[in-house]
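Student: Could you take me through a close look at one part of this model, and then show me how that part fits in with the rest? I would like one connected explanation that I can follow while looking at the picture.

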Amino acid sequence: MTEKQPPIAKGIRPGIRRLLGLDVAYKDRIAAELEDELQMHLELRAEQMRNMGMSEERAMQQARARYGPIDQATMEIRQHAARTEQITRRRLTVDSLIQDTRFAFRTLARSKSWTIIAVLTLALGIGANTAVFSIVNDLLLDPFKYPNSNRLVLISRSNERSHLQTAPTMDQVRAFRTARSLEGLEGVGSRKLTLDTNGDPVPAHVGIVSATFARFSGARVLLGRFVLPTDERADATPVVILSNHIWQARFGGARDVIGKTLKIEGKQFTVAGVLNDGVRIPSYNHDPVDVWIPISANDQLGGPAIARLTKGATLDAARAELNALARNAEGVDITAKDLAFDIVVIEPGSQQQTRTSIFMIAGAVCLLLLIACANVAHLLLARGAARERELSIRAALGAGRGRIVRQLVTESLILSLAGCAAGIVMGQLSLRAIVVLRPENLSELANVQIDARVLTATVALSVMSGIAFGLVAAFSGKNGRSFEALRASAGTTVDRSRNRLRSMLVITENALSVVLLIGAVLWIRTVTNLYQIEPGFDATNVYAMSYDLPTGRYDSKESWQSYADRLVTEARRIRGVDEATIAANAPSRTGIMIGNWVGEGGKILKSDAAPTLTATNVVSSDYFKILRMRLISGHVFDDNIAKNREVIVSRSMARQIWSDTNVVGRRLRMAGQTNAHADSILWNVVAGVAPDAALLSLTDKGATPGIYYPMSNSPDRHQTLMVRVRGTVPTAAFRRLFLSIDPSMSPPEISSVTDLLLRSVTTQRFLMALLTIFATLAVALSAIGLYGVITYMVSQSSREIGVRVALGAERLDVIRLVLQKGVVLSAIGLAIGLIASLWGARLLDHTLYGVSRTDPLSYLIGASLLLLIAIAACVAPTVRAVRIDPMLAMRSE
Amino acid sequence: MDRLAVLKGTLDVLVLKTLAWGPMHGFEITTWLEESSNSGLDIEDAALYQALRRMEERGYVEAQMGLTENNRRARYYKLTQRGQDHLKAETARWMRYADMLTAILSRRAPAGKLA
């Protein structure tokens, strides 16, 4: 048996031999041995018989007879041997795995700083990814956390021309309930209303839902019941379902709360049950819902309806079916162009622009992870070179290739898992930080947690990358395959494949960093532009307070007007308030109208390409004064006399209809209204032309035509008090003011108009900050990678440099030599990165403002930054190279 | 006298005892046992080899290839420390058992009962 083994394996224990794969098949060996043994036994027995005088034949016969059931025994022994082999092998495998792991820990612990750097690098990439993908999941993929959320859809009506979306009517909703492609349809609305449980009215977030909502959303009834279909009837007693936190806070969690009453907007509701917290609905803000009330039959839905597609139904199929049903329900000829409505079935999630931006961030963080992995690969390669010797010795001692690979993979796996654990901790911390620093628009981030799915994916990713790294480390370089490494002069064998790999890694890192850098620069410029937009009015020190006059107490135009008058008079008396006025809305919060305008003697204001939106506001005469907007022509409204449908139009509107701003006295009306009223009622008269201003949002200035209606003519329930103050804003005084006029109304929040304007920008700014952080990290990591490679190259070529210096090379030449290597690598990476950026920038299209996606300045800045940092990374190795003493270099190995 | 079949469970301890005299190969073990029992024991060879393999697994014996006097290659079994301990324990157990058995079976019947 021993002849079959290579000489080197003779002294090694059989068990280890078996494991190292140096052994011939165990089972066969056992069988052969057994046969030999039994054969010998037989012969000896026969011999014994012969010695006792039997003949040869008889002797053999007897011998065999004495055996017993030898065949069966043989078989059993063989089976037994096979089983034993399995168990032993398994045990040895486990043993060797444990051994590998222990050894890996020891090796990693020996080079502490290396290990720490590697783990931190991985933690960085993984942590950033965990945080960002939790956000992505929370905002975009699973915003409501209902069961079966991958089939959730929102249903709303969309005007074909304006692309605006409005809520479906109740008729339509009733019709939709029969749709086959939907398996659950809930009307969901959300409002901020006044809640009064104990005489102190406060604003509360009210969810208005249909009866089956609880089941649809997976919410749990903690006490009592949820809304019933009978509650939706117009004659039913109004019921309200509390949320858990309101139940605890306002009613002390008392179980006898069922049947108690409270008031919402002054109207009485009876408590019928309690629902658990954390149930989300689509709404403008994402505050938690405080109480739930049923949609009554006549209610307009406050927003899109939520539904779930049946298994296998597609969005298109649902869309077609719903439109057919809607057509029947409306009974209106909706082929008439201007009224054309389409049922839009979309997936829930944030607004389009935010959605795109968030995906961008997700992409960026993936790039960061790639760079981190490249750096870790660098580190592994560097270490691999250092361990050549050790691995060669192990190979010489009989460790098979497989064993060595397994050892290296185990090390990398441990490294990755450590990085994963650290990364998860980092990710959690980052999420906390993001939650604290989040911009207002993204208030839904308040509850973001690390998602279980994200966590699983992270761990799986770490495991896979760990294995990948190990394999890379194992199969690059010779790793014991050649005995040359054992020789003392190991340093001179430059491992070409390793170097190539490293160079490629550096180039990749640089390319990815460039992409991130350019993206960050583009976004920084976008945000800067956004901040510099001229809104068209002077909003310094102007504050706005918006409120809705509650139904029940204020139900007539006169009541609205008198409230407004009283409020504004009292407001002007507050110390610090210079001017005050009432309007329907503050700028950037104005209402909109959809449709075409027809001007007398002018063009029809419409456009086929873009939606025909007009920004509207209802104002009194002081509005323009408070915002320092000087009319271009005409005059402001007269607050006391409601003249015949006077309006003030914005400059762009005047120009688009009449190509002129001198249009006082001209008439205009909305086009395309098919009711049969007499024209005179619909015509508006231009009283003045105002300059363009940011009415809808900061970026809209001038583009959207604007029209102002007089407050005296059409006061509204929804009002905004706008004031210009001197010094600090007297918040308490305003609060007192509102309470003094109507104690049962909760005083509204005070916002500065500038803040309102900038609200849309804060999201961009936040995301930009994130991207900048990632880009910075990426560049830093790349620099470290480059530094490592150049240092290594310098140490490798120290001999060559020494020779050159000895032969008369100048210091400058040495510098040039080293820098060249580094710069060339960066330049290649840079070039690739630039091309990638150009190609990928189209993804940024919707998120940029004021810069084109191929803005040369941004690209230039990005490229320069990278080159600068690359050169900086090369400085230390260059200095070291210059200091090389030619004598030492040539002598050492 | 008739040959007695080896009682179940005792083969192991017999083999171990045999090996206490030194390493032997399979045939030697059989021969020794037969001689010690004056051919009283009937040992199945197959059973013997099974027992040897079993004890090898349990670590009571160690196997190694060696050369017989006739220069033939044979598998020699050696008693290990563990085997020795096991032998001691089992011997004690069997002795006690045999004593108790003897005591019970050789009790005189009380008067009036069995003859």
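**A helix of chain B and its surroundings**

Tutor: In the predicted model, helix α2 of chain B runs over residues 26-36, and its buried residues are B:G26, B:F27, B:I29, B:T30, B:T31, B:L33 and B:E34. When you look along a helix like this, it helps to remember that an α-helix has 3.6 residues a turn, so residues three or four places apart point the same way. Just after α2(B) you will come to B:N38, whose phi is positive, at about 55°.

The next step is to see how chain B meets chain A. The contact involves 20 residues of chain B and 22 residues of chain A, and the two chains bury about 2100 Å² between them, with 51% of that on carbon and sulfur atoms. Of the area that chain B buries against chain A, 31% is supplied by B:F27, B:Y49 and B:R53, which is more than any other three residues supply. B:F27 is therefore worth finding twice, since B:F27 is among the buried residues of α2(B) and also one of these three contributors, where buried means under 20% relative accessible area.

Charged and polar pairs also cross this boundary. Three salt bridges are counted between chain B and chain A, and in a salt bridge between A:E37 and B:R53 the closest N and O atoms are 3.5 Å apart. Three residue pairs are found in polar contact across the interface of the two chains. On the side of chain B that touches chain A, α2, α3 (45-58) and β5 (73-79) each supply at least two residues, and the largest share, six residues, comes from α3(B). Elsewhere in chain B, a network of salt bridges links B:D12, B:R54 and B:R58, while B:R93 lies over the face of B:W94, at 5.9 Å from the ring centre.

From here we can widen the view to the aromatic rings, of which a search of the whole structure finds 11 pairs over all chains. In one of them, the rings of A:F213 and A:W292 have centres 5.3 Å apart and planes at 35°, so this pair is tilted. Because A:F213 lies in helix α7 (residues 213-217) of chain A and A:W292 in strand β10 (residues 291-294) of chain A, the pair ties together parts that are 79 residues apart in sequence. Both A:F213 and A:W292 are buried. A:W292 also pairs with A:F226, and here the centres are 6.3 Å apart and the planes at 65°, so the pair is edge-to-face. This second pair links A:F226, in the loop between β6 (221-224) and β7 (239-243) of chain A, with A:W292 in strand β10 of chain A, 66 residues apart. A:F226 counts as buried because its relative accessible area is 6%, and A:W292 does so at 1%. Further along chain A, ring pairs link A:Y547, A:Y554, A:Y563 and A:F738 into a cluster, and the charged end of A:R308 sits over the ring of A:F216, 4.3 Å from its centre.

Last come the salt bridges, and the search of the whole structure finds 18 of them over all chains. A:D538 forms one with A:R724, with the closest N and O atoms 3.9 Å apart. Since A:D538 lies in the loop between α13 (496-531) and β13 (542-548) of chain A and A:R724 in strand β24 (residues 718-725) of chain A, the pair ties together parts that are 186 residues apart in sequence. A:D538 is partly exposed, at 29% relative accessible area, whereas A:R724, at 7%, counts as buried. In the salt bridge of A:D622 with A:R572, the closest N and O atoms are 2.7 Å apart, and the pair links distant parts of the chain, with A:D622 in helix α15 (residues 622-626) and A:R572 in helix α14 (residues 557-573) of chain A, 50 residues apart. A:D622 is partly exposed at 23% relative accessibility, and A:R572 is partly exposed at 39%.

Technical notes
Residues numbered from 1 in each chain as written. Chains lettered and ligands numbered in written order. Predicted model: local features only at pLDDT ≥ 70, side-chain atom pairs only at ≥ 80, totals over all residues. Heavy atoms only, no water. Buried < 20%, exposed > 50% of the residue type's maximum accessible area, 1.4 Å probe, protein only. Helix = DSSP H or I, 4+ residues; strand = E, 2+ residues; numbered from the N terminus. Phe/Tyr/Trp six-rings, centres within 6.5 Å; stacked < 30°, edge-to-face > 60°. Lys NZ or Arg CZ within 6 Å of the ring centre and 35° of its normal. Salt bridge = Lys/Arg side-chain N within 4 Å of Asp/Glu carboxyl O. Contact = heavy atoms within 4.5 Å. Buried area = accessible area lost by both parts, 1.4 Å probe. Polar contact = N/O pair within 3.5 Å; in protein donor to acceptor, adjacent residues only side chain to side chain.
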